[in-house]
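User: I would like a close look at one part of a protein model. Please take it step by step.

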Amino acid sequence: MPLDRTFQFCVYGDSHIACIKNAVDEDRVDLTGVDLEFWGAAGPRFRDLHFVDGRITPTSPEAERYLEVINFEGRKELSPTDFEAYLFMGCRLRASEFLVPILRGHSDATAFVSSAVRATMLHRWLEGCRSYRVAREFAKKRPVLFAPAGFLNDRLIKEDEVQATINTGATLEQRAELWREVEAAMAQDGVTLLAQPEETVTRGALTHIDYAAKSEAVDGDTVHKNGAYGALILNAAISRAKAARITA
């Protein structure tokens, strides 16, 4: 495919695509030569998006209406061949559900997880996420990158919960080891992992408050991220997707 053509790239996801959209709106990403579209739904409406006959399809009127807000091109369904590459953002695959319990085991002998149990946890984490199974199907035809939802936001999660669940002394090396395992498992399915950027991590397995969405300080939402976080993810995704395009 000629490299002088506009690069067709899609960000698919749940409410976590907001940080990507904010990154674009705040001019944090160079989109020269990139034709970018968003597709997905937030909250309960995301559960109404299903993989049917080889494409993602809304299965409720509410999800259809939400798509009109997310996608300005009027794209009613999403097929693997609609774009040159895809970023699956968040999509109900939460880093905390796999990494946090294992990191906890490094500081608490009662929470120790053997390599066999860890492998089982990883398999169940990926297979239990419907969107990951969809990403695997998309990856059979196009490059797919997957950025799991990041760690919970520091200072917005209650401190007693932090002490009960988070190994605040977990190291970069310990996190990297787990991310490598996730990367290897995804690679077997043709999916490329985008791990949480290390510069956004604090206190072992939390996200630094500087990367939390502004609204979270008001409503106590510990999950969503801001445009600075989204820019790190989208810049990495576009760079890696373009590299795949060059070598394809």
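Is Glu137 buried, partly exposed or exposed? Please start there, go through the salt bridges, and then look closely at how helix H3 meets helix H4.

Analyst: This is a predicted model. Glu137 counts as partly exposed, because its relative accessibility is 29%, and partly exposed means between the 20% limit for buried and the 50% limit for exposed. The partner of Glu137 in a salt bridge is Lys140, with the closest N and O atoms 3.2 Å apart. Lys140 has a relative accessible area of 61%, so this residue is exposed. Elsewhere, Glu37, Arg75 and Asp82 are joined into one network by salt bridges that share partners. The structure has 16 salt bridges. As a general point, side chains of opposite charge can pair when their charged atoms come close.

Now to the two helices. Helix H3 covers residues 95-105 and helix H4 covers residues 115-127. They pack at an angle of about 170°, and their axes are 10 Å apart. The angle makes H3 roughly antiparallel to H4, because angles over 145 degrees count as such. On the H3 side, the residues that meet H4 are Ala95, Glu97, Phe98, Pro101 and Ile102. On the H4 side, they are Arg118, Met121, Leu122 and Trp125. Sorted by class, this contact has seven nonpolar residues, two charged residues and no polar ones.

Glu97 and Arg118 are both part of that contact, and each also takes part in a salt bridge. Glu97 pairs with Arg94, at 3.4 Å from N to O. Glu97 is partly exposed, with a relative accessible area of 44%, and Arg94 is partly exposed as well, at 37%.

Arg118 pairs with Glu177, at 3.5 Å from N to O. This pair links distant parts of the chain: Arg118 is in helix H4, Glu177 is in helix H7 (residues 172-188), and the two are 59 residues apart. With a relative accessible area of 12%, Arg118 is buried, whereas Glu177 counts as partly exposed at 31%.

To draw this part together, Arg118 in H4 is among the residues that meet H3, and its side chain also forms a salt bridge with Glu177 of helix H7.

Definitions and conventions:
Residues are numbered from 1 along each chain as its sequence is written. This is a predicted model: local features need pLDDT of at least 70, side-chain atom pairs count only at pLDDT 80 or more; totals for chains, interfaces and linings use all residues. Side-chain values use heavy atoms; hydrogens and water are left out. Axes are lines fitted to C-alpha atoms, for helices over the stretch in contact, and angles run from 0 to 180 degrees between N-to-C directions. Helices (H or I, at least four residues) and strands (E, at least two) are DSSP runs, numbered from the N terminus. Angles under 35 degrees count as roughly parallel, over 145 as roughly antiparallel, 65 to 115 as roughly perpendicular and the rest as oblique. Contact means heavy atoms within 4.5 Å. Ala, Val, Leu, Ile, Met, Phe, Trp, Tyr, Cys and Pro count as nonpolar, Asp, Glu, Lys and Arg as charged, and the others, Gly among them, as polar. A salt bridge is a side-chain nitrogen of Lys or Arg within 4 Å of a carboxyl oxygen of Asp or Glu. Buried means under 20% relative accessible area, exposed over 50%, partly exposed in between (1.4 Å probe, protein chains only).
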